[in-house]
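Got a model open and a few minutes to spare? Let's talk through it, student and tutor style.

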Amino acid sequence: MKQYQDLLSDIIQNGLQKSDRTGVGTRSVFGRCMRFDLSKGFPLVTTKKLHLKSIIYELLWFLRGETNIRYLNEHGVRIWNEWADENGDLGPVYGRQWRAWQTSDGRAIDQISNVIENIKRDPDSRRLIVSAWNVGELESMALQPCHLLFQFYVGENKLSCQMYQRSADVFLGLPFNVASYALLTHMVAQQCDLDPGDFQIVTADTHLYENHLDQARLQLTRDPYPLPRLKINRKPETISDYAFEDFEVINYQHHPHIPAAVAV
Amino acid sequence: MKQYHDLLKSILANGTEHHDRTGVGTISHFGYQTRFDLREGFPIVTTKKIPFRWIAEELFWFLSGDTNEANLRARGVDIWAEWADEEHTRRFRREPGDLGPVYGYLWRSFGGDYPRRNGVDQIASLISEIKTNPNSRRLIVTGWDPRQADKVDLPPCHTLFQFKVDGRVLHCQLYQRSADAFLGVPFNISSYALLMHLIAHVCGLEVGEFVYTLGDYVLICHIQNGISSN
């Protein structure tokens, strides 16, 4: 994950100081990208310890089309709790837009099934896109999508994915975003009988919170280890049928955890 | 425009052959990012002539919310003509000239019931947000409406753009899902550079960087010879 280390130093060197919504203050750069060749390993940050559990459950929850925190809490994942209302609802966040984008004539568009169908039927298509940025529903979402659009591409029997993220908390959030979409790319590739190719993440407002700078500097003193491998233990019937136990991360060598406060 | 030449070279160096919707062979690659600092000049390709007036008229037409090709052609620009003849518009049960919910509609009435203008005016919201909440990380305009993507011949290629304000300086990033590197890209670059100037002007800001991010970017094979002389 040299790409990630490079991004940390890029922001420390070039980032402009800004105040933000949360009041903590950030150093930020605009418009960056990182590319990971998934055939060379699973892009899980090695210069600190990351727990994949919440990421796997969150992705499965997105893919179930759910927007209530119940399922996450049942599996011990609390990352969405602070945004939920008293019933655990978040409004039409990711899961809804991916699996059931509402139209004014009462239909619901399942973008995930459609994109998988299209990858199989017309792999050269340039329209293999899923968008979560549903302008008319942004106001009713507890949190507006950060990773808001992704596109697939097939070349030489490999499936690549590029994701656009409007805002990236580089120390805490971004390693999870990368792992989550790398996982999704593996799953969609498996469903389409393709090998995973590249995952590219594009970030717009790319920032480090001021209270994460020391942690980032500490992380930069550490040398990355070789990347782990992802193993998927079976091929489920559809993209909706994966379970937590299907995934195994093999040979994850990492430096110790680095604690840091979340900006809310 | 060294950036443009580097982009062309990147396709030749990394691209693979494909056969696309139009039946023509292409060389394509996936995922690219480049940037132009508008403070150093207006990005327009200089190694062949680009008709700036076409770019400007098309952009004004988008911004007006108009989706009737006849109005653009009346300004002497026929780049949308092939999508607007009866053969094309009949497929969607529309009158000749009516392109359906393309850019102008998506920008100015997203999510509406075309042709009714009852959707969200993203351009008006964008300008108002830049003025009142410049630190926002939500200064976004999208052209991707999954319910409309199958109702037009050409769903938006330049799919989504985002602005960022740093002090007095306005930056912009465009995500383009599909790019014809030889014919289209020079237009796209200059069109968004012009859009940045317009938005900066109405918001009382200065132009900064234009970050240009591509999904599937292609060279169509029969024009490959154009590159060596470009």
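What follows is a short chat about a predicted model, starting with the contact between two chains and ending on one helix.

Student: How many residues does each chain put into the contact between chain A and chain B, and what area gets buried?
Tutor: Chain A brings 51 residues and chain B brings 49 residues. Of the area buried between the two chains, 54% is on carbon and sulfur atoms. The buried total comes to about 4,200 Å².

Student: Which residue of chain A meets B:Lys164 in a salt bridge?
Tutor: The rule finds three salt bridges across the interface of chain A and chain B. In one of them, B:Lys164 sits 3.6 Å, N to O, from its partner's side chain. The cut-off for such a pair is 4 Å, so this one counts. That partner is A:Asp205.

Student: Which strand supplies the largest share of the side of chain A that touches chain B?
Tutor: Several strands of chain A each supply at least two residues there, including E1 (16–18), E2 (26–37) and E8 (195–209). The largest share is eight residues, and the strand behind it is E2(A).

Student: And by class, how many charged residues does that side of chain A have?
Tutor: The side of chain A that touches chain B has 19 nonpolar and 20 polar residues. The charged ones number 12.

Student: Switching to chain B, is helix H7 mostly covered or mostly exposed, and how many of its residues are buried?
Tutor: H7 of chain B runs over residues 185–203 and reaches 27 Å from its first C-alpha to its last, close to the 27 Å expected. B:Gly204 follows H7(B), with a positive phi near 65°. The helix is mostly covered, with the buried count at 15 of its 19 residues.

Conventions
Residues are numbered from 1 along each chain as its sequence is written. Chains are lettered from A and ligands numbered from 1 in the order in which they are written. This is a predicted model: local features need pLDDT of at least 70, side-chain atom pairs count only at pLDDT 80 or more; totals for chains, interfaces and linings use all residues. Side-chain values use heavy atoms; hydrogens and water are left out. Contact means heavy atoms within 4.5 Å. Buried area is the accessible area (1.4 Å probe) that two parts lose on being put together, summed over both. Helices (H or I, at least four residues) and strands (E, at least two) are DSSP runs, numbered from the N terminus. Ala, Val, Leu, Ile, Met, Phe, Trp, Tyr, Cys and Pro count as nonpolar, Asp, Glu, Lys and Arg as charged, and the others, Gly among them, as polar. The expected span of a helix is 1.5 Å times one less than its number of residues. Buried means under 20% relative accessible area, exposed over 50%, partly exposed in between (1.4 Å probe, protein chains only).
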